[in-house]
Number of protein chains: 4
Amino acid sequence: MTTSARGYTGGMWTFGRIIDRYATDGYGPVVGTLQTIELAAASGLQGLDLNYPFDPGVEVADVKKALAEHSLAAVCVTPVIYDRRFRSGSFTSADPDLRRQAIELGHEAVQVAADLDARYVKFWPGQDGYDYPFQTDYPTLRKHAIDGIGAVARAFPDVTFGIEYKLKEPRNRLFWGTATASLLAIEQMKVDNVGLVIDFGHSLFAKENPAEALSLAHGMGRLVDIEVDDNYREWDDDLTAGSLHLVETLEFLHVVRTIGWDGPLKLDLFPYREDAGEAVRESVAALRELETRAAKLDLEQLRAAQANHDAMAAQKVVRTALFS
Amino acid sequence: MTTSARGYTGGMWTFGRIIDRYATDGYGPVVGTLQTIELAAASGLQGLDLNYPFDPGVEVADVKKALAEHSLAAVCVTPVIYDRRFRSGSFTSADPDLRRQAIELGHEAVQVAADLDARYVKFWPGQDGYDYPFQTDYPTLRKHAIDGIGAVARAFPDVTFGIEYKLKEPRNRLFWGTATASLLAIEQMKVDNVGLVIDFGHSLFAKENPAEALSLAHGMGRLVDIEVDDNYREWDDDLTAGSLHLVETLEFLHVVRTIGWDGPLKLDLFPYREDAGEAVRESVAALRELETRAAKLDLEQLRAAQANHDAMAAQKVVRTALFS
Amino acid sequence: MTTSARGYTGGMWTFGRIIDRYATDGYGPVVGTLQTIELAAASGLQGLDLNYPFDPGVEVADVKKALAEHSLAAVCVTPVIYDRRFRSGSFTSADPDLRRQAIELGHEAVQVAADLDARYVKFWPGQDGYDYPFQTDYPTLRKHAIDGIGAVARAFPDVTFGIEYKLKEPRNRLFWGTATASLLAIEQMKVDNVGLVIDFGHSLFAKENPAEALSLAHGMGRLVDIEVDDNYREWDDDLTAGSLHLVETLEFLHVVRTIGWDGPLKLDLFPYREDAGEAVRESVAALRELETRAAKLDLEQLRAAQANHDAMAAQKVVRTALFS
Amino acid sequence: MTTSARGYTGGMWTFGRIIDRYATDGYGPVVGTLQTIELAAASGLQGLDLNYPFDPGVEVADVKKALAEHSLAAVCVTPVIYDRRFRSGSFTSADPDLRRQAIELGHEAVQVAADLDARYVKFWPGQDGYDYPFQTDYPTLRKHAIDGIGAVARAFPDVTFGIEYKLKEPRNRLFWGTATASLLAIEQMKVDNVGLVIDFGHSLFAKENPAEALSLAHGMGRLVDIEVDDNYREWDDDLTAGSLHLVETLEFLHVVRTIGWDGPLKLDLFPYREDAGEAVRESVAALRELETRAAKLDLEQLRAAQANHDAMAAQKVVRTALFS
């Protein structure tokens, strides 16, 4: 694969109307489901991570048609298990009826993913966790988290599921918080068709080294997808890829290569104050530059440096690839 | 003053509909301006920090009447300089027209504060800053930040203005980020009527010791108001006061006493998944317990311990006050 | 068990001479192995975590005798796999000879632990990790980390081993960094006699909730020992227990009770500028107060609150136990 | 100035024996004062930040001679106000005699600096602060911090003094913690000859943007010197410059250029496990690459982007300079 052949995909949310707790009137006008598809295509992406349900009145067939018209693939379907209904938890809600609803929405997402030829179903259980000490019984929370996703996964053994972990937000403590917390829980789930969506920024924010997390998920046969973005290491800022942490992004891309990941990379951006298309193009431009340089790393010298844990020698290899 | 006499005030936002970037349908139903006043009164608060403008159709006179009916004081008026209009900056916007609009809204807030007998006008310049390196010219940003608030303050020399600093959110880097950054900028503003609103949680998040920040603002004659809440030290979680950091809250309340602050304390809460009234009552209950214990600190022993920087002796004083 | 019956143990390092990279002449005079035992006993502790090797010239028999004279138990033996010899790694060193030496020192520690009737051997692999991106090959690092401790554990199937994880320091990235990273690696080690030493402060620093980490390790049958201390959540400050995070310490002690941990709790303190005995006594005094209050938690009300994830109701239970 | 003409200086500590609280036998053998000078010269540096006092038996004349022999400049003299003697504070010690000793050592450092033709005297008050809440009386601490350095500065109005701030370590809370905390205190000191040593890594760790801090100190006429290194934003890791945060380092170097700083940049490294000379050479190589690219930034386009706070346009300028 030449690096220029790398495709990029993105999330529908990047093109929609972003809102937060302060600008409660949103950072821009409302953008409908079909319009996000149009904008995504215009930005040059090849596929979309699709939040489901869609806008009221928009059917799966409408989305399918719009994707086709714009030559966009459905990367995955991400059921919205983090809105008002699930504000106190989806699979881990204290309310058994809501836990059931989360599972049902999971089933529905599987059907939608099939209809759209999406590669996998993504769970981002952003409300599964807690906010205060003493708020929950930890074994129960754990059981619900594992059983809930496990129930969906067992019902569809031929479907791939990817869990996207994040340390916090919107809950202060998320159950699926780090790569290893998630991998351990997935092992305990005892299913073969659940893995991780490794998000570079979430990994940085979780105080991990993203390249190490990626390598681990791959090594355990649990790597489902890869997302890229950037942040200041202490919050999920969702900045453009390659805007801050060039060396760690380069190392991440190096592992992407060495594990033989030929698929596209997905952008996870929240361009609050930027044009979404520009944010995508800036990210892709930066990633292409870095992929080109990852391809230039002298692997023999790098392996020799790593065999000795020789940080200075490794840096020389990196610097040479980056700058000459 | 007996500690039981301490009044508590709060922010209108605590009782309104909270929204974030995930639960874009909000954590609850829409709550109108006048209803937030009703809810605030029912929670037992004595006064409100009022975001301005109010809901469309709600006049200042309506708010005044509602406050009076519920025996609530207007603590301050906080112009909304952080919504969509000002998403890329208010006083520091790149657009001179928006900078002018921010100043005008400040003037308007002064008038509303006068109409409502509010003690001060609060600025929370949450969009004044930047997100990426290289995005702004720092001297220009600084000039605009200081000149903008300075212009409002100089236009109304008899009005008190309080700036509430926070390290980040919604911008990744806020100009008014820490107590000392803000005090230094206020000194450079060369006005007498601008000071700080010290928020316990913002101070923790800024890697400060809140008691030290409070002491400093008071010592410089720049303390305008005091807010309380809690968080995990790395984000503005706006948890109930006294839910996590009891020792630092106790120390904060100790300084509140020693500087002779007789006024109410303001709660800054975002009860995403909790009943707002309950969150207020829990906070007040915790603060009353802690104020009672702050009053029991053996000041002679404490002073002796502090004169020697003797942490162990100081802890004994604290433990005795807390637990016996 | 009445809470007053709880015993406390500590680490030899608390009583020794503390040094850091700035006060390279140490925070106090040199303290010999046998003197630390004397000081530990005088502080009221019941047992010691013993760093091995001891001072040159001090034999195991000497230590055994000193412990007996002072009625101190040997809690565990902690081989020093983090000094100059192992500065670039012990079990994960790039040098196979050093990896072998680490294993040999592990074997030696097992023998010393047997001689001293210590309950377990503790590994704190503080140099196993890396400092820079690109410095190491992650699969190799992982293999060495798991194989090394696994080799010692398999050689002594009847001996208990506890790994104490920490996010960073002295390496910038430690392999055994969090509870779940460590539990996952231990599962992959496929041995029954290796578990975790959960350190309250390390858990806070790893952005975990310590009570949740404790609950998880216990639930997986991997809890070997429990250490207590405190910090500002962003570094291993090793402050006295109960000095900052009272609520989370209370929750931790609550889980200590509910899992039926009858053994002593170990203090992990670095009293740089304080008298070690005083730091121990302050910690024990705070912990006794908090254990008394943990015993007062209304478990029925707490369970009801947790069954609903009702943070406000849970706080009321906590506040009542703490303050009335 | 061509970028290749930039000189680099360093700290004596980089070449000495590094020790920490775990590897108490040090990360290498003891290195004497004069040997550090030799090693510094061999690494290619042009000047040294000199910790004073020197090793017992080494006189100022010896150091002067060694520096001359190796064509090394004395950049500054840094009195050791953070060793065992001053472990509980230097200028802010609770003990008036120690406060006096700190001032006296400051006087002595002025004399040594004069003897060695050093440009300034650096204060790094790493023990001035506290560890626990309630440990100190904040106004007193503040008074001592300001009065102490102020006393030295007023005694030598023609000498330049630079304060190097850091958020924490070895104290958990340092008085001179951030750029603005320090600038505010210096303003209150009311002297003209005290400014800041801006350390890139300390600034990152303090949650600042280093370029903004540099710009501010310069703008206030308080910039004394500039240090470079890198870290993971949450501790003073003292990694090689340019190893992690390339974009922020580039922006820092851009401000170095635009403020017209022609002097050398000082490296602040702690190569625990690396050869000090290699760490210096790696840092210099990375900085030279980045300075070359800083010189290529299209200033017209950058100014246009910044005038609009246009992050995407600014990134394009940065990417172009970095990669083409």
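Okay, so chain A and chain C bury about 4000 Å² between them, with 63% of that on carbon and sulfur atoms. Buried area here is the accessible area, taken with a 1.4 Å probe, that two parts lose on being put together, summed over both.

Quick housekeeping. This is a predicted model, where local features need pLDDT of at least 70 and side-chain atom pairs count only at pLDDT 80 or more, while totals for chains, interfaces and linings use all residues. Residues are numbered from 1 along each chain as its sequence is written, chains are lettered from A in the order in which they are written, and side-chain values use heavy atoms, without hydrogens and water.

Back to the interface. Chain A puts 52 residues into the contact and chain C puts in 52 residues, where contact means heavy atoms within 4.5 Å.

How many salt bridges are there between chain A and chain C? Just one salt bridge is counted, meaning a side-chain nitrogen of Lys or Arg within 4 Å of a carboxyl oxygen of Asp or Glu. Arg173(A) pairs with Glu248(C), and their closest N and O atoms are 4.0 Å apart.

Now look inside chain A, at Thr14(A). Is Thr14(A) buried or exposed? Thr14(A) counts as buried because its relative accessibility is 3%; the cut-off for buried is under 20% relative accessible area, with a 1.4 Å probe and protein chains only. Leaving aside neighbours within four places in sequence, Thr14(A) is in contact with Leu269(A), Pro271(A), Ala276(A) and Val280(A). With Leu269(A), the backbone oxygen sits 2.8 Å from a polar atom of the Thr14(A) side chain.

How values were computed: Buried < 20%, exposed > 50% of the residue type's maximum accessible area, 1.4 Å probe, protein only. Polar contact = N/O pair within 3.5 Å; in protein donor to acceptor, adjacent residues only side chain to side chain.
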